[in-house]
Amino acid sequence: MDILVRAPSPGDIGWLISTHGQLYAEQFNFDQKFEIDIAKKVIAFLESSYDFNMLLIAITDNKRVGSIAVSLKPDRTAFVNFLLVKTEYRGYGIAKKLLDKVISHSKNNDIKAIRLETYSCLENARRLYSKYGFAMYKKNAAVEKYGQSFDQEFWEKQL
């Protein structure tokens, strides 16, 4: 499967937001507040002034199949967000390709650590992060959000 990773073009931002909402509702029974929070985070990301920040869309067969973003934090760490691969395209290395781009971009910009937020219910994502050398450094247990209860986890990888 050929996977193209590119910067966003018209329509990609709405796709990213709606796909997050749709997949998290289907897979984790999250309510619409999740999609609203994703929209707010995407807007904040896009309004950020750091040149380092990067949003990528994965394309295969002329279809959007995945996304990832990385942003610069004031402490010169990078923060990964919006990593998503549509269910039917999982297992083809798309998430790996997206993460590789973000890690390479971070290393090329002298970033020493990459952080991310995830939830205990995202078992596949957590396995992927662990394989990449990320480790949990903070956990908020039994968070009640989006109509569900889960642990909110913060992970970090040293570069």
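Leaving aside its neighbours within four places in sequence, which residues is Arg76 in contact with? They are Asn109, Asp110, Ile111 and Lys112. Before we follow that up, keep in mind that this is a predicted model.

**The whole chain**

Let's start with the big picture. The protein chain has four helices and seven strands. If you walk along from the N terminus, the elements come in the order β-α-α-β-β-β-α-β-α-β-β. The protein chain is as compact as a globular protein of 159 residues, because its radius of gyration is 15 Å, close to the 15 Å that the globule rule gives for that length. Picture a box around the C-alpha atoms, taken along the principal axes: they fill roughly 40 × 35 × 30 Å.

What about inside and outside? Buried residues make up 47% of the 159 residues. On the outside, the protein chain exposes about 8500 Å², and carbon and sulfur atoms supply 48% of that area. As for charge, there are 23 positive and 19 negative side chains, and the centres of the two sets lie 4 Å apart. The chain also folds back on itself: among contacts with a separation of 6 or more, 62% are between residues 24 or more positions apart.

**The core**

How many residues does the largest nonpolar core have? It has 53 residues, and those with the most contacts inside it are Leu16, Phe30, Ile68, Leu83, Ile94, Leu98 and Tyr129. Take Ile68 as a sample. Not counting residues up to four places away in sequence, Ile68 touches Met54, Leu55, Leu56, Val80, Asn81, Phe82, Leu83, Leu98, Leu99 and Val102.

**Four residues side by side**

Here are some residues to find in the structure, with how covered they are.

| Residue | Relative accessibility | Status |
|---|---|---|
| Thr60 | 2% | buried |
| Phe82 | 4% | buried |
| Thr118 | 2% | buried |
| Arg76 | 42% | partly exposed |

Why does Arg76 count as partly exposed? Its relative accessibility is 42%, and partly exposed covers the range between 20% and 50%. Arg76 lies in the loop between β3 (63–72) and β4. Its contact partner Asn109 is 33 residues further along the chain, yet the C-alpha atoms of Arg76 and Asn109 are separated by 9.7 Å.

Now look at the two threonines. Thr60 is found in strand β2 (residues 54–60). Not counting residues up to four places away in sequence, Thr60 touches Met1, Asp2, Val65 and Tyr89. Pro74 is 14 residues away from Thr60 along the chain, and their C-alpha atoms are separated by 35 Å. Thr118, meanwhile, is found in strand β5 (residues 113–119). With the same neighbours-in-sequence left out, Thr118 touches Ala125, Arg126, Tyr129, Asp151, Gln152, Glu153 and Trp155. One of those partners, Tyr129, is also among the residues with the most contacts inside the largest nonpolar core.

**Two backbone oddities**

Most residues other than glycine have a negative phi. Phe82 has a positive value instead, with phi near 60°. Phe82 lies in strand β4 (residues 78–85), and you met it above as one of the residues that Ile68 touches. Ala142 is not a glycine either, and it has a positive phi of about 50°. You'll find Ala142 in strand β6 (residues 135–145).

Methods
Residues numbered from 1 in each chain as written. Predicted model: local features only at pLDDT ≥ 70, side-chain atom pairs only at ≥ 80, totals over all residues. Heavy atoms only, no water. Rg over C-alpha atoms; globule rule 2.2 N^0.38 Å. Buried < 20%, exposed > 50% of the residue type's maximum accessible area, 1.4 Å probe, protein only. Contact = heavy atoms within 4.5 Å. Areas by Shrake-Rupley, 256 points an atom, 1.4 Å probe, with all protein chains shown as cover. Lys, Arg positive; Asp, Glu negative; His and termini not counted. Charge placed at Lys NZ, Arg CZ, Asp CG, Glu CD. Core = buried A, V, L, I, M, F, W, Y, C linked by side-chain atoms within 4.5 Å.
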